[in-house]
2 protein chains.
Amino acid sequence: MPGYSGFVRSLLARAGARIGDRIRIERNDGRSFEGILMPRYAIHERPIIVIKLDNGYNIGVRVDENTRVEVIKPRETILREAAAGAPAAIPLLEEEPPPGPKPRVYILGTGGTIASKVEYETGAVKPAFSAAEILQAVPEVGFVADIDAGVLMNTLSENMKPEYWEKIVDAVADKIRKGYDGVIVAHGTDTMAYTGAALAFALRNLPVPVVLVGAQRSSDRPSSDAAFNLIAATLVAAKSEAAEVLVVMHGETGDTYALAHRATKVRKMHTSRRDAFQSINARPVAKIYPFERRIELLQEPLRRRGSKEDLVVENGFERKVALIKYYPGMDSEIIDFLVDRGYRGIVLEGTGLGHVGEWLVDPIRRGVELGTYFVMTSQTLFGRVNMNVYTTGRRLLQAGVIPGGDMLPETAFVKLSWILARTQERSEVISLLQRNIAGEYTHRITIDLYPRWPH
Amino acid sequence: MPGYSGFVRSLLARAGARIGDRIRIERNDGRSFEGILMPRYAIHERPIIVIKLDNGYNIGVRVDENTRVEVIKPRETILREAAAGAPAAIPLLEEEPPPGPKPRVYILGTGGTIASKVEYETGAVKPAFSAAEILQAVPEVGFVADIDAGVLMNTLSENMKPEYWEKIVDAVADKIRKGYDGVIVAHGTDTMAYTGAALAFALRNLPVPVVLVGAQRSSDRPSSDAAFNLIAATLVAAKSEAAEVLVVMHGETGDTYALAHRATKVRKMHTSRRDAFQSINARPVAKIYPFERRIELLQEPLRRRGSKEDLVVENGFERKVALIKYYPGMDSEIIDFLVDRGYRGIVLEGTGLGHVGEWLVDPIRRGVELGTYFVMTSQTLFGRVNMNVYTTGRRLLQAGVIPGGDMLPETAFVKLSWILARTQERSEVISLLQRNIAGEYTHRITIDLYPRWPH
């Protein structure tokens, strides 16, 4: 009964419970908990029984001498049923990490739902990011990698901003230089794609995978994706050949596979679904089957693993950059205001092939003359801007607007912020914007990259 | 040889060409044209041969005595091959409209790719919106309805604005009151969904279908969708039971079906594909098979056809409303500026469940206190905002932000503009915002409404 001692051990022994049995814990306060009895890693001495919930997340339940423990289903029955094909949200994995050296992965906590655990004793959600706490919550990550972990910040992702991107870039670079074989950034999902793009531009010649991971549902909910996503992210960080910045999240609503998306091509496309993250105008880089510990590459990665000396950090993001979505009748005073406030870059989310109302052409031209860079993207998200087809597009080109190809508006915003912190020279800005630096452009958008809609 | 006379008739007779044959026309200027020989409706006396291009669009080719005409494939062969299943972009329909009274449909031209035809004589693209010209270009529309048509404006859709919405509302209402059984609004695709939403809010108790239609590719291109979409739109306007505002466009890349989308739930999702328009968080209202002249309802329409006296026009849109997309680090000076400029409404396109950076909460509260309405939507597009889950959402609610449910950001922008032109009373504004007025809310978003992504 590894990890259990004192009266907790007696409680379990009285119930005849063994590691791997499904048990129910009924406390005096009326709350009850059900899950698979897990071994305890002796981190602290609190009177806690660790069970694996059906969502795969391990929690510690505080008990006392009066708590009742009951075996619901013995381990042998569970294994027999699983062998016969019974659904199991997260199958039982080995109880002990396999021996021998494993890849070294660093998990960097920045905040959000994934970087928290529910204290069942208090009901409070707390950041949980010591390596020990992660291993307690999701021991499976310890089977594929040697984990170190630390909390860099505890920021809800809606509160992220360029200065935090810069801190994360430095922290990730530091871990790579310290020899880790992969770095995981645990991040809130709301702006994870923006931060991912920032890392993708700032970390040049990446020698190892850098994986952003999050959770759409917190770990106390039966439908939580925290454990599944973290296991998938660890697999990618430890074992994938793709040395680029990836967002790893659930691939569908079940628990069969996760996807690794190129950070510059991914978007959160749903407020709440577990498979909210989807690649736009691009195929995901890889499919991950966490229970089979298998990674299937869907396309050639931007880079493969290389020497850690190759890493070049080009950190720094211009703050005076805005992302402006066009809408019918939009008043030109908004453009004038930004230009007059000294904005150095404005990414326009135009309509269709890259248009805005004709009354904005002159204000934009004035901005260009005063040194503001304008980049055009499309609010359709899919497809690419083409400003040579219609008059409005040609007039915008003549005014100095730079077409953004098939770049996502969000990625174009991050890229322009990054470029304008590097150079002020117009020809260089344009050249960097048009160069495919971190996979932000898809050269050829094939017909199968458009989703299939429900009709 | 209906419609042909003089030397043109001789040219065709010499070639042995009959109506329905596939012919090639070779002109002295080196240009050649290929298509099905069509009858000519005697509109003017110019020396023109009308052929149906493979995209279904009929064009007039100017000829002279030295033009060569050749039969490529006789009508009988085409019909035999079509009967054996050979692909035909647009099958041959009857050559004469069926006798008897037909529903009356009015086609209102507002501009855009669909409302133009290419003058092959000059190569120029011109608005083509007399009924005669439409019937010449796409005679099939005359088989399902008695068509009247007129040009209201010739505005590229990126140049649309609320004052044009108001003109279109009045023009459509006028045609309905004049007894038409359906009204088609030919519109550029870029902002068609915004205009559609505007019509949906302003035209209350609609007694007939109001159909917006456009083309992604102009009619001189082999891949043009102009003819297909116009035939489908005419079918819906003439025959559909759904008395609501619909956007009718291609449903897939082939030529099998078009879709009728609820105007408040549709979005242009691709810069260039023919099936760019897709319903978000909703099923399309109907599938249209133009060649079978069949309409398949996919859900109960908002209203069914009713008495033309029922129509209530609530026209008018507040101009001082903005749609603001949030991005990491967004400076609060943008909110302050809009509030100080007297904006009466701001629709926020927040992250995830409806969040923005915490530093925007106080500026938003100030705006609310000064009388600006803030509505929250999500840049994920799919799903619905829920501002009770996380602290940031709750703080925004306390500051006075009104959650927009699953409304599209674009629809919320139009709706807020419409409401603020009706009332200034806060309780009324909130009540109207939260009421489902034109199908802008989906009560229950089922799992199958999320598209299937390519992986």
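Two strands pair if DSSP finds at least two bridges between them. Keep that rule at hand for this tour of a predicted model.

**Stop 1: the whole of chain A**

Select chain A and show it as a cartoon. Its secondary structure comes to 12 helices and 23 strands. The radius of gyration of chain A is 25 Å, close to the 23 Å that the globule rule gives for 455 residues, so chain A is as compact as a globular protein of that length. Turn the C-alpha trace of chain A: along its principal axes it spans about 80 × 50 × 40 Å.

Now colour chain A by burial. Of its 455 residues, 55% count as buried. Then look at contacts in chain A with a separation of 6 or more: residues 24 or more positions apart account for 72% of them.

**Stop 2: strands β21 and β22 of chain A**

Select residues 345-350 of chain A, which form strand β21. Add residues 373-378, strand β22 of chain A. How do β21(A) and β22(A) pair, and over how many bridges? They pair in the parallel sense, over 6 bridges. Label A:L348 and look across to β22(A), where A:M376 stands opposite.

Stay on β22(A). Is this strand mostly covered or mostly open? It is mostly covered: 6 of its 6 residues are buried. Check one side, with A:Y373, A:V375 and A:T377. Then check the other, with A:F374, A:M376 and A:S378. Both faces are covered.

**Stop 3: two helices of chain A**

Select residues 333-340 of chain A, helix α8, and residues 361-369, helix α9. Their axes lie 9 Å apart, at an angle of about 5°. Angles under 35 degrees count as roughly parallel, so α8(A) is roughly parallel to α9(A).

Show the side chains where these helices meet. From α8(A), pick A:I335, A:D336 and A:V339. From α9(A), pick A:P363, A:I364, A:R366 and A:G367. By class, this contact has 4 nonpolar, 1 polar and 2 charged residues.

**Stop 4: strands β1, β2 and β3 of chain A**

Go to residues 22-26 and 32-37 of chain A, strands β1 and β2. They run antiparallel and are joined by 5 bridges. Find A:I25; its bridge partner in β2(A) is A:F33. Between the strands, the hairpin has 5 residues. One of the hairpin's residues, A:G30, takes a positive phi near 90°.

Next, select residues 48-52 of chain A, strand β3. This strand pairs with β2(A) in the antiparallel sense over 2 bridges. Label A:L37 and its bridge partner in β3(A), A:I51.

**Stop 5: a buried aspartate in chain B**

Switch to chain B and select B:D21. Where is it found? B:D21 is in the loop between α1 (6-15) and β1 (22-26) of chain B. Why does B:D21 count as buried? It has 22 other C-beta atoms within 10 Å, and a residue is buried if 20 or more lie within that distance.

Show what B:D21 touches: B:L37, B:V71, B:K73, B:P74 and B:R75, not counting residues up to four places away in sequence. Zoom in on B:K73. It is 52 residues from B:D21 along the chain, yet their C-alpha atoms are separated by 6.0 Å.

**Stop 6: where the chains meet**

Show both chains together. The contact takes 61 residues from chain B and 61 residues from chain A. On the chain B side, select β20 (321-325) and α8 (333-340), the elements that give two or more residues. By class, that side has 26 nonpolar, 19 polar and 16 charged residues.

Conventions. Residues are numbered from 1 along each chain as its sequence is written. Chains are lettered from A and ligands numbered from 1 in the order in which they are written. This is a predicted model: local features need pLDDT of at least 70, side-chain atom pairs count only at pLDDT 80 or more; totals for chains, interfaces and linings use all residues. Helices (H or I, at least four residues) and strands (E, at least two) are DSSP runs, numbered from the N terminus. The radius of gyration is taken over C-alpha atoms; the globule rule is 2.2 Å times the number of residues to the power 0.38. A residue is buried if 20 or more other C-beta atoms lie within 10 Å of its own, exposed if 12 or fewer, and partly exposed in between; C-beta atoms are placed from the backbone. Two residues are in contact if their C-beta atoms, placed from the backbone, lie within 7 Å. Ala, Val, Leu, Ile, Met, Phe, Trp, Tyr, Cys and Pro count as nonpolar, Asp, Glu, Lys and Arg as charged, and the others, Gly among them, as polar. Axes are lines fitted to C-alpha atoms, for helices over the stretch in contact, and angles run from 0 to 180 degrees between N-to-C directions. Angles under 35 degrees count as roughly parallel, over 145 as roughly antiparallel, 65 to 115 as roughly perpendicular and the rest as oblique.
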